[in-house]
Every structure is written in C-alpha cells, then in structure tokens.
4 protein chains.
Amino acid sequence: MAVNRLGYVHARVTDLEEAIGHYSNTLGQRIVEQQDGRVYLKSWDEFDHHSVVLEEGGVGLVKLGFKVQTDDDLAGYEKRITQFGATTERMSKGENLAVGDGLRVVLPSEHVVEFYTEMEYLGTETGTWNPDPWPRDTRGAGVHRLDHALIAAEDPALVERFFMECLDFRPAERLISDPTEPDLVGSWLFCGQKAHDLAVIKGENGKLHHWAYWLDDWNDVLRAGDIFSMDEVSIDIGPTRHGITRGKTIYFFDPSGNRNEVFTGGYITGADFPTITWTTDQIGKAIFYVTRELNDRFTSVFT
Amino acid sequence: MAVNRLGYVHARVTDLEEAIGHYSNTLGQRIVEQQDGRVYLKSWDEFDHHSVVLEEGGVGLVKLGFKVQTDDDLAGYEKRITQFGATTERMSKGENLAVGDGLRVVLPSEHVVEFYTEMEYLGTETGTWNPDPWPRDTRGAGVHRLDHALIAAEDPALVERFFMECLDFRPAERLISDPTEPDLVGSWLFCGQKAHDLAVIKGENGKLHHWAYWLDDWNDVLRAGDIFSMDEVSIDIGPTRHGITRGKTIYFFDPSGNRNEVFTGGYITGADFPTITWTTDQIGKAIFYVTRELNDRFTSVFT
Amino acid sequence: MAVNRLGYVHARVTDLEEAIGHYSNTLGQRIVEQQDGRVYLKSWDEFDHHSVVLEEGGVGLVKLGFKVQTDDDLAGYEKRITQFGATTERMSKGENLAVGDGLRVVLPSEHVVEFYTEMEYLGTETGTWNPDPWPRDTRGAGVHRLDHALIAAEDPALVERFFMECLDFRPAERLISDPTEPDLVGSWLFCGQKAHDLAVIKGENGKLHHWAYWLDDWNDVLRAGDIFSMDEVSIDIGPTRHGITRGKTIYFFDPSGNRNEVFTGGYITGADFPTITWTTDQIGKAIFYVTRELNDRFTSVFT
Amino acid sequence: MAVNRLGYVHARVTDLEEAIGHYSNTLGQRIVEQQDGRVYLKSWDEFDHHSVVLEEGGVGLVKLGFKVQTDDDLAGYEKRITQFGATTERMSKGENLAVGDGLRVVLPSEHVVEFYTEMEYLGTETGTWNPDPWPRDTRGAGVHRLDHALIAAEDPALVERFFMECLDFRPAERLISDPTEPDLVGSWLFCGQKAHDLAVIKGENGKLHHWAYWLDDWNDVLRAGDIFSMDEVSIDIGPTRHGITRGKTIYFFDPSGNRNEVFTGGYITGADFPTITWTTDQIGKAIFYVTRELNDRFTSVFT
C-alpha cells in the first residue's frame, strides 16, 4: 500500500455561503480556512488540514487529491503514469494550501488528480491522548471522514487499468454488461483495505457522480436523513443498502447540485481480495439492493 | 382501554401456496392451522391463536378483528354502534376458527370488523417461564406481531368519528387539507398507548391500504429489506422513516398484491395525548420523512 | 386504562447545582422552573409541565405522581384504597407546582404516591404541527421521557395486590423464589400497554431502587453510555439487556447517589397479557440477561 | 502493505466436540475439515480455506498465521527477522493443511507465528457473482471473519519493535505507564488499514489473551450476547465499548477457557496514522470505556 487514501475533493459550488451552511451545519464539517474565494473543510476524525475544498463558480469537480506514502512512491508513480501515456506535471508546496510538493495528473477520463505526501497536520477533534470515541460537540450529521469518490468516464476500463497499472489499485467489485463478452460499466477500486477509495462508471469524461462521507452505522445514516429533512436537503435516494460494497447509504445534493453520500458498512479488502462481479441485468440490485430499482437521477445526473 | 388491539386481519390472496411462502418463509409467521381453503398464521410474540387469516380468491380485505376486554364492553359498543347507525350483528363462537362469541359490524366505509373477547390461547414462542428475549429459531424477517392496519374510506372523518364515539379510540395524528377549513384526509387512531392501531385515509370504501408487522428496531428493518431482496419481494418504498408516527418502515407487497409493512419506532400515547396535525402541503414529509416525496403507488394502489 | 402513566418522580439530592448539571447537561432534560429550593425538569417528548422534581437535602424519594384519566376514576380509586386500608388524603391544586387537585396515598410500603388528573400543559419540544421526529438541538443523552420507577418493599406481594386491586395495574412479569411455594420477590406492573410503569422488589420500605428514562434504541443506549463516561457519571451496570422486560439498559447514579436508568425495548402488554414468571434460581438471567450475574450493588444500593 | 492479515489462529481445546459446538453452533463458523484430531473452521465472509484450527489437548495458543503478499516479501522478512535475532525456519506446503510454503518464527515473547503467501481458496458463502450482502442461512452469532488477536509478553516493547522493524506494522494505540518515563504496557498494531491486527500486552510470555471475530455493528453485538446467554457461554465482560480502538465488544470464553471476542467499530488507519497514547491512570477507560473499571479477569486470565 503506497497510496494512503483519497485525501481531498476540490469542487465548485454556485454559492459559497449556501455551501458553507450545507457542509458545516448540516454535514458537520469544520471550516478550517477561508481565503481567496475558497473554503477548506475537515471532518472531526481527520487529522490532516482539510478534506474538502470548495470554490465559487459553477458546479462539479476541480480535482481530487490522493495522499501517498513516500517521495519514492511518487517518483515511481510518475514513471509509470508517463509510460501509460497520461499527462503529468510536478506541483510545488503552496500551490494548494497546506499541501506539499507532488504530482498533478490528467486522467484518461480528463479528471485532474493530484498526488502528494505531505499535508499540514491539524489533528482530529478527539486528539491522540486518552481520547473519547467521538467529540461531545458534533454538529449536524457529524460525518467522520471523507471516504471515496465516484467519477464518470467514457471508457471505465481504461481508467481502471490506469489505477491498477500505475497506482496499484485493485477492483473490489466490477459491473459488466455481459458475462461472455464483458464491457466494463463500472469499477470500485481500493488502494488499501477499504471496499473502495475511488470508483468509476460509464459517463461523460470529467464528470463527478458523488463524493462520500463515512458514518458509524445504519442508525447514523437515518439520523443523517432526519437532519437532511430538517435542513431541506435535496435527497437523491435512501436510506438504503447498496448491493455493490454492501454499504448503507443516502445520496443527496448540496445546494449547488453536487451529489454527496453518507456511507457506512462494507467489508475489508486487501491484496488477495477476490473481485466481485455484477452483471447489468442485476444493476438494480447492484446499486440499490432493497428495492432493486435504479432511479433515473442515479444514471443521468452528474456535475 | 377496553379494545385491546387489532387481533386479526383476514385477507384474500390469489394463490394460497405462494402466500404461505411469503408470510411464513419471508416474514416468519408460523402456520397454526390450514383448513377449508384458509391458512391461519401467528407471529412469534403473539399468544393468541392467530393474527392473520388468508383465503384463496382475489385480493383485499375480508375483515378485521379487534379483541375487546369484557363482554360488558361488547354490549356497550353494540349499543353505541347501533345508535351511530351502523349495521351490527352478533356472531357465535366457531364462526371464526378459535374465536369466541362477538359482534360483527359494517363500518360506514363498508369494511367488516369483528369484535370478540376470547380467542384460543397458544402462547408465544418464548413462553412465560424464564423466557429468552426472542426465539433462537426465528424465520425470515422474524416479525414480532401484528401492529396496525390502514384502510381507505370516502369519508375518513366519518370513520374517525365512528371509532371515537363508539369505541373510545383517539387520533394520535391527523392529516388535513387546510388549517382554516379542514377536510380530514387521514387519521391515525389508537385504542391504548400505541401510536396507532387503525388508520384511515381518503380512498375507495372497503379498500385496504396495508397491514403492518412490528419489528424491534431500525436494524431489523434493513435486515427485513435484505431478506425481501433475497426472496424477490416487490417493494413499495423503504427503508425510510414516516413523519406521521415517527415510525421506521418498509412497504412491500405479498405475491397477490396486498400491501404489507414492517414497522418499528413511534411513541407512547394514552388518553391525554395531544393530537398531532399535519397539513397536506407537507404530505411528502408526513408520509416519507427523509425524501419528502410521495411515490404514486402510495396513494393509488389499494386492494 | 384509567391511570395514564407515572407522571412525576420527586426526589431529594444532596447538591442541587450538581444535580442540575447531571439531569440537564448529561441526561438532556430541560429546566422548566426553579423555585423554593426545587428544580422542575421535563424531557423533550413530554407535554406536561414536568416529570422530575428535585429538592436539596439528602437522597431518595419524596414521592411519585401518577396521572389519572378522570375525576371519577380518582373518586373510585379513593374508595378502593380506603377499603384496602391505606392512608389517603385529598390534595389541592397548587400544593404541587402546576399540578391540579388529587389524592395523596401512603402505600403499604410507606412510599408516598399522588394521583392527579391535571397538570399544566407545556407541549413537547417537537410540537403538534407538522413535527420533526426529534428536536434538532437535543442535549446530552437526549432522554425522551420518564418511563418507570422501581421501589423497594418488605412485602412486595402486598404492594402488588394494592396496585392490582385499587388501581387496576397488572403484572407483566413476576420474580418468585420457588415455583411450588412461591414467595414474591419482585413484580413489574403496567397500567396501560407498556412493559412496566412501576415495579417493586423486596427491600426496605420507603426506599427507591431507580427511576428510568426512555431512549429510542440500543444505539442510543451506547451513545448515552459514552456521554456518561465523558461526564464522569458513576455507572452501576451496562449497557446490557434485561431478561425481565427484554429491555436494553444502563443503570447509573446521579451525583447524589440516586440510581437512574436509560431504558428501551420491551414489548406491548394490555389487559389480556399472560404474566411471565421468573424463578430466583435464574435471577442473574432475569436481571442481566447477557452475563447472567447480579452485581452486588443491584441488590444492596437503594436510596 | 505486505502482510495482508492475521490468517489463522491455531489453538488447543480440552474437548473437541464441545469446542465444535461453540465455534460452529454458537459463533456460526463452518467446519471445513476434521482430521488427525484437528478441526478447521472458517467464517462466512472469509475466502481462504480456514481461519481457526482447534486441536484437542489443553488450552491456549499453538500458533498464529499471517498471510503475506509475495514470496519476495517473505524473503525480506526472513532477512530482517534473522537480523533482529529471532529464531526462524522455513516451512513447507502441507505442514499445515491447505497452507503453502512459508516461514516459521518464534517471537521474542515465545509465541510461534507462521507467515505464508498461499492458502487453498474456498470462497465466501456469498460468492463473487451478484452476491447478497450476507448469507440467508447464517448460524448463531454469524461471525463475519477473524479480526485480530491479543497476546501477552513480558516485554511488550520488544514485541512491538519486532513487528515494526521486521514486518512494517505500526501502532494505532499504545498504553504507557507514565508520560515522562514511559514503560510500554500494551500496543495495538496494524499491518494495513484496520485499527489492529495484532495486539500485545504485558503478561507471561507465550500466553494468549483472546482472539476476535468481526461483526457488523452494535446491534449484532447484542444479538451475539443474547445467543451466548441462550447457549450458556461464559461471559468475561460486555457488551460495552473499548476506549482503545473505539471498538464495541463482548469478551467470552470457549468451553475450554480460551477467551474469544466479538468486535465491531473502530476506525481506518494507514501509514500516516498518528498513534494514540493512553496512560495507565486511565486504564479503566482505555479498556472498558463506559464503566471505566477493569474487571479482574481481564488482566489475570490468559491461556
């Protein structure tokens, strides 16, 4: 494991003040910094400086950041990515607030992804000294941490191959159209032992489907749903269970229309995890296990 | 409190064998008796002989049964019901398997409802002697007991008045069209301390919306949903939370198309409970609190 | 059902300020009124003026209050109680803040219990108009409402008979020493459809074992336990499950040493509920179902 | 990450038939093979051949097995372990049923630990093709998988250093006696992203404190506790929460006296996880967060 995790999501919102209300009061992230038209947010169980960056102007993804273990890992990735044929450039400490030197890559799906080894350390809200299991003063849904993102690509198989060959990701689950002549519709990829850190599904290049926050359990998912109703958050679907990853979920939209998720459950993966395959004739069950019906929004709304 | 509870639901199903599979393997009720084209089922935490009777031939409700405390109560109800102007007749022990003498009434909404004081006692599956909290060998969703039913009426206010004036029910919650000139759209009525024992909403006379089984908590609701997916049960909506009663729920259909519910949560009522009022401009939130959207089926599918 | 519920617990505490911290910040009750050395508290889901009264000076119970449906019920109870041979006197509106006229009784176990039909109405924190399922700004453990109390008596059978004969309570569960020649050790009595409203166990007359608050589910019980640890509340036992009532529980002590409980689960009773019997050879399982071991405190610490 | 996980626990039991009842009927593991006085068990969510081996004759640990990613990793570990000064020998495919070639090491704490890259693949009970989230026919507590083990050592710091220097483990949490002059009392070590895979506390060399199985959530922990009571399993402590790892837990004993745990919760770690430190003045909170009291058994009973 050399890629530690999805470290940050940097996205656009149409109205920064509305967005702050959503991510702070409703989801419960803390505002770490606000400068140059951007707001930097972290969740209570994250120790790095921030996990979400929002900037005003439209909707959708600006870029993703993955934290990598060592500079040697970064150099190795750079070599492999260049060989793969993707565009890459070095980035310097300070180009991103609180983030060190790194590598900026344009994926075959046109998404910008940054890799870095250092981010300013702020510590979690419970600390590292005889800590409580959660902070007494959580806000709103009290999301624990950024969990994963799902992006769209015209050629999901190419993006999957990119992450596998260049970055040692592996697919926990794959969605294919036909068992005999498989066309990859989606791939749920992990870099360590989680069910997924980044997923990709068929769609327009450069687009974002959602990013997800971790909650403790199914009760906290309903509690989040109650708070979403109190705060008039637009719900996509849920609470329900995913077939893929077994996760428990609510999909919803921030005030600008970016889709978020609260997520829990799943399983532990690892290097020898046997990939699970879903076929599109079971796509309803794959995505929303209980009802076995896709809603239209799930496959049509990207930002 | 003189009406103890909704004691049984007697319904029609198109195929008895399919129905047995659903109510027994999937929901986990036990078959107590099968005779004369009818099957009698009980749940593990019910001590009376049965709580559901199914007979082959169509769909929808045959009748409901309410267990009453004493014969004096029955006599008093008979008088009040006659005064109210509803049709009533005495029924004899044996007309219903395992049920004693009683009263048969046709509601103003054309539903047949029976009142009785005695049913053969079979005991719960955990018994009354140093009992375990649940039976080790529960089946399927493991429903605990029948909880309530929701019926349709052209004039919900009339049915509400019937149950209040003749049977001492009280409304826990009411749904009205307009605060200034209220037209009653639905009423959730209790006879003891539960959030509801019988509810009525605007619709075609004689029709059934659903009957509901009790589960322990929100986790068991998801577990039921998982089992419904494994057993290919048709889902109406859920898992989600109701605004009305605060309950946690999945609506689904038996193989014949009768709607069932698994339900938990809510609150304790009682004689001095202050009725809650919902207005139809908030009907989405009232019915499905998280998404705040009614699905079409909820208001259109009755049996 | 004519006794609605346990309406209030009036207890003594050694230090009022400490007690306010516990009942308000930790348990989440709201201070309604503070006057004449007494503080009046209510929980968010209670509509009457208060459910707990604390006064400075020692520990233990001053009295319990039960809310009764009508004045006719009160008069009937008065007659029966007098016939039973217990001491009773009329009390007037204003003797207890916000409580109407009523009846004051000294139980055979020397506890003072008041019965009343009216208490000033304040409403719940979610209200009766298109309400949310819970208030967004709950404090601490967020207890919903007073649920029940457990008192000690030298002769539990006498107290049980008092509540059954004078007040129409029924036992949901009974703990006996020996099936052949039963000596009643404890009785869990209900007045409506709950698993219990008042329980009595063998012990010194006039003493209190605990009073209990309702929570939504097992997750909220752990959440309460976490908060008790953060706030350094002294724990008696839990989280665990009771055999008796199937309830899920933590017992703990207020700063003065009065035992409280957070409680959820159980089942619905009613007039025809078949009483469950436990034998003292299974007392460990009866009280703490998982470990099957009584701790010493449970049977020795009363206030 | 090159050590994937704790792959198996091989332990002694006094009576194999009793043990099979416990691990199979109560915990829900499946018997994969029984031969030569040994029984091999796996959990429903494990894909390798087995995770627990039991052999008759006494109690306590025979050895632990860790699955490693590649043979190169094995060779590298061998070199580092030899340099560290620990005893190591090569083992061959077939020495352990269904396990490939590997490395056998005697820890500084005298425990035998095996490292291997291959184990016969049997698949999980839900499979890899459009899988359900859990198998419809789980048995007993339905444990998902082996999670971690806790061993005793006279010098925990030496064992911690061994796993850190030779095998790239890192401590998620550490328990020290005094912040100024720290003496390591315990260390909770992870190899991937879990809260811990192996922990070590001060005690007699070669001894086992417990091994743990994963469950889905806090509700499943209580459900397991209920089943333990039904099956008369001896409970050590719980259900409760750990301060260390935030986990939710029950400790209990198999019929031979080996301590097991059911465990859920915790958090995600990784290479940059900031180690949490507990001080022994907070040991009660560290081990049992809610009650903040160690029971005697926890620190005295090892097998």
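# Reading helices, contacts and backbone angles

Analyst: Let us begin with a pair of helices in chain C. Helix 2 (residues 71-84) of chain C and helix 3 (residues 156-167) of chain C pack with their axes 9 Å apart, at an angle of about 145 degrees. Please keep in mind that this is a predicted model.

User: By what quantities are two packed helices described?

Analyst: The general description uses the angle between the two axes and the distance between them. For the pair in chain C, the handedness can be added: the crossing of helix 2 and helix 3 of chain C is right-handed.

User: Which residues in helix 2 of chain C meet helix 3 of chain C?

Analyst: On the side of helix 2, they are C:Y77, C:R80, C:I81 and C:F84. Their partners in helix 3 of chain C are C:L158, C:R161, C:F162, C:E165, C:C166 and C:L167. When the residues of this contact are divided by character, seven are nonpolar, three are charged and none is polar.

User: At what angle do helix 2 and helix 3 of chain B cross?

Analyst: In chain B, the axes of helix 2 (residues 71-84) and helix 3 (residues 156-167) cross at roughly 145 degrees and come within 9 Å. This crossing is right-handed. From helix 2 of chain B, the contact involves B:Y77, B:R80, B:I81 and B:F84; from helix 3 of chain B, it involves B:L158, B:R161, B:F162, B:E165, B:C166 and B:L167. These residues comprise seven nonpolar, no polar and three charged.

User: Now a single helix. Which residues of helix 3 of chain A are buried?

Analyst: A general idea helps here. An α-helix has 3.6 residues a turn, so residues three or four places apart point the same way. In helix 3 of chain A, the buried residues are A:P156, A:V159, A:E160, A:F162, A:F163, A:C166 and A:L167. Viewed down the axis of helix 3 of chain A, these buried residues fall within an arc of 165 degrees, so they line one face of the helix.

User: How many residues has helix 3 of chain A, and what span is expected?

Analyst: Helix 3 of chain A has 12 residues, and from its first C-alpha to its last it reaches 16 Å, close to the expected 16 Å. After the helix comes A:D168, whose phi is positive, near 65 degrees.

User: How many residues of helix 4 of chain C are buried?

Analyst: In helix 4 of chain C, 11 of the 13 residues are buried, so this helix is largely enclosed by the rest of the structure. Among them are C:W218, C:L222, C:D226, C:F228 and C:M230. Helix 4 of chain C (residues 218-230) reaches 19 Å from its first C-alpha to its last, close to the 18 Å expected.

User: Loops also need attention. Is C:P131 buried or exposed?

Analyst: The reasoning rests on a cut-off: a residue is buried when its relative accessible area is under 20%. C:P131 has a relative accessibility of 7%, so C:P131 counts as buried. Its place is in the loop between strand 8 (112-116) and strand 9 (145-153) of chain C. Apart from residues up to four places away in sequence, C:P131 touches B:I276, B:W278 and C:T126.

User: Where is D:D168, and with which residues is D:D168 in contact?

Analyst: D:D168 is in the loop between helix 3 (156-167) and strand 10 (170-176) of chain D. Its relative accessible area is 42%, so D:D168 is partly exposed. Neighbours within four places in sequence aside, D:D168 is in contact with D:Y77, D:R80 and D:F163.

User: Which residues other than glycine have a positive phi, and what are the values?

Analyst: Two cases may be given. The phi of A:A98 is near 75 degrees, and that of B:E232 is near 55 degrees. A:A98 is found in the loop between strand 6 (87-91) and strand 7 (102-106) of chain A, whereas B:E232 lies in the loop between helix 4 (218-230) and strand 14 of chain B. A:A98 is buried, at 18% relative accessible area; B:E232 is exposed, at 64%.

User: Finally, is the peptide bond from B:G238 to B:P239 cis or trans?

Analyst: The bond from B:G238 to B:P239 is cis, with omega near 0 degrees. B:P239 is in strand 14 (residues 234-241) of chain B. In chain A, a cis peptide bond joins A:G238 and A:P239, with omega about 0 degrees, and A:P239 lies in strand 14 (residues 234-241) of chain A.

Technical notes. Residues are numbered from 1 along each chain as its sequence is written. Chains are lettered from A and ligands numbered from 1 in the order in which they are written. This is a predicted model: local features need pLDDT of at least 70, side-chain atom pairs count only at pLDDT 80 or more; totals for chains, interfaces and linings use all residues. Side-chain values use heavy atoms; hydrogens and water are left out. Helices (H or I, at least four residues) and strands (E, at least two) are DSSP runs, numbered from the N terminus. The expected span of a helix is 1.5 Å times one less than its number of residues. Buried means under 20% relative accessible area, exposed over 50%, partly exposed in between (1.4 Å probe, protein chains only). The arc is that of the directions from the helix axis to the C-beta atoms. Axes are lines fitted to C-alpha atoms, for helices over the stretch in contact, and angles run from 0 to 180 degrees between N-to-C directions. A crossing is left-handed if the near helix is turned anticlockwise from the far one by less than a right angle, and right-handed if clockwise. Contact means heavy atoms within 4.5 Å. Ala, Val, Leu, Ile, Met, Phe, Trp, Tyr, Cys and Pro count as nonpolar, Asp, Glu, Lys and Arg as charged, and the others, Gly among them, as polar.
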